[in-house]
Amino acid sequence: MSGAGAFARRWVLAGALMTVGATDGVAVARDAPPKPQRPSSVAPVASTVVVRRQTSLEDAFRSSMGRAEGLSESSGVLVVADPTDGLRAAVPAISAALAALSATPARPKVWQTAVLGRAPSAPVDDPAALGPKLGAALATAKRPTLGPDTLGALRTSIGRAKGAGGLVIYLAHARFEDAVDLEGFVEELRKARRTLCVIGPEAAFERAWKDVLPTTQELLDNPGRRTFPDVGTNPFPPEDPKAPWRGGDTAYPPIPYLFSVTSRWDTAFGPPGGPDVAVPSAFGPYGLMRACGLTGGAYVLWGWTAGTGTAFRFDYGRCNLFPPDLRARTEILDDVRRRPLAFALLRAWDALALAGIVDHTAPIQGTVGRPMAEVPGLRFWLSGVFDSARDRDDSVASARASLGELDGVLIALGEALRAAGDPKDDVDRRYRADADLLQQALEAIRFRTHEYILWSSSLQAKAWRVKRSKSPYVEDELWIEGGDDDDPARVRPRQGVVVQSPADAERLLASRRAFLERYRGTPFGAVVARNDVYTWKIDTIDLTLTGPVGGGRSPSGRGASDGPAAPPAGSGSTGTPGPTTGK
């Protein structure tokens, strides 16, 4: 069957998978329909809920106080702190910020503090007295006694708060990505006439800071484990407070973020030899942002420890053009079929999972949430070492099939983008950005796959007849070097690198520059800018044993480059949660 024909079969099958759960060797768990939840009125707008550029804790607390309407002397203010070392170290700064609120005119006279999951302290009438109480409570608190359900622990502390309505300020640190029974939590806050504000870390971009599925190394270290014991794999109801879903700025990941290792496409980055870290989002986490917005509060971006990851510079004005959707999860799920791009993205994800190009399944099947699962096996694998000419031919044939899959998904996404037309609201605009980002990933993987086919095919049979210490092979060759700078003018091929398909290369260069022109200064642009693009080259021993494969040459690009320069330290978001300033 031809590559295009194979894709057509898989695309139809992927469409069926969206509705009836059919799989082509990919295990997919089917859940019962989600329990009805009562969405809490009109969805808040993420760009108005998030507060950025705070340079002091005093400013962060004042921003929170300013959001709570109707505060009076009889209102209560409860400050809840996550019991982490970062919060313990910040007690002097927190105490100073609270003391500065003492002079606030007509401020509330009922102030309490609590460690997350514990009962609040006795009320005091002056916020300056809270600092010592919080420090003493944090010194004796032990985080391991807490379960994984953050909102459940918040409800325990808030349920005993004093005062006639008022404000809850949650100082979040390690616990801020989960949101079990979010709608019930919001309803309780509104009935108690309490505004929720959070001072806490930036969420990761469309994923948790740590993946919800184990890494390859974690699987090797824990044979038989397919999930973490206290982390859920389904962002939609039914929910389990003992294993809640942990996510980033969005209600669910709309596009895949774990690609086959030989694709060489990444969504987490780090320094050489250091750990890879997800891209920050410029927003808070979906659940707490929604709760803050629906109660009139704010999510104030603040890092309790210094960031150690790669620096990111975001243009917050541009980020606000693509805000995460803060509607109720059930409403988002029900709306997927009415959003052509959302539905097309899920179909593409299913097709890519069936082809083994991505490592995990999508979280939605039709209009039902389903657990994300690891894609078994190595269906997409570009191995450059060939034991024989036949081994090379088999590898090339497999790569050609994958190329057909990639072409089919790219064609379908392109058609969906054209059919969708101009975005009609923020939700559409975000889906459009996700579709553009997925296209960039697939175009880079397609280029690498096509180059693999051409370079591998150039090895002649006599290469295996030469006496040598190792089998003939092709190896990676860096063609476009990624970096921190997302200026489209910096996209250029490395000097002297030969590609076998110049037309493909020119198209990819133009596409990447156009994408960065549109999305520079945003997490979407950050992901693309940091990804390298690879072609291949022949092992030097085999250079005289290759045949012609095409018009191999280096595209004109815009000249040579030694790689983009990093922005000044501390100029923007950081790969680990920290204060953000943007521009």
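Two strands count as paired here if DSSP finds at least two bridges between them. With that in hand, take a look at this predicted model: one of its features is an open sheet of six strands, paired in parallel and ordered β1-β8-β5-β4-β2-β3. The chain runs to 583 residues, and 57% of them are buried.

**The chain overall**
- Secondary structure adds up to 17 helices and 14 strands.
- If you take the contacts with a separation of 6 or more, 81% of them join residues that sit 24 or more positions apart.
- About 22,800 Å² of the chain is exposed, with carbon and sulfur atoms supplying 52% of that area.

**The six-stranded sheet**
- Strands in a sheet pair through backbone hydrogen bonds, in either a parallel or an antiparallel way.
- This sheet is open, with parallel pairing, and its order goes from β1 through β8, β5, β4 and β2 to β3.
- The edges belong to β1 (50-51) and β3 (110-115); each has a single partner strand, so one side of each has no neighbour in the sheet.
- β3 pairs with β2 (residues 76-81) in the parallel sense, over six bridges.
- Within that pair, G76 stands opposite V110 of β3.

**Helices lying across it**
- Helix α6 (residues 130-140) lies across β2, β3 and β4 (166-171), and runs at about 15° to β3.
- Helix α10 (residues 286-294) lies across β4, β5 (194-200) and β8 (299-301), and its angle to β5 is about 140°.
- So which strand do you find under both α6 and α10? That's β4, listed for α6 and for α10.

Methods: Residues numbered from 1 in each chain as written. Predicted model: local features only at pLDDT ≥ 70, side-chain atom pairs only at ≥ 80, totals over all residues. Heavy atoms only, no water. Helix = DSSP H or I, 4+ residues; strand = E, 2+ residues; numbered from the N terminus. Buried < 20%, exposed > 50% of the residue type's maximum accessible area, 1.4 Å probe, protein only. Contact = heavy atoms within 4.5 Å. Areas by Shrake-Rupley, 256 points an atom, 1.4 Å probe, with all protein chains shown as cover. Axes fitted to C-alpha atoms, helices over the stretch in contact; angles between N-to-C directions.
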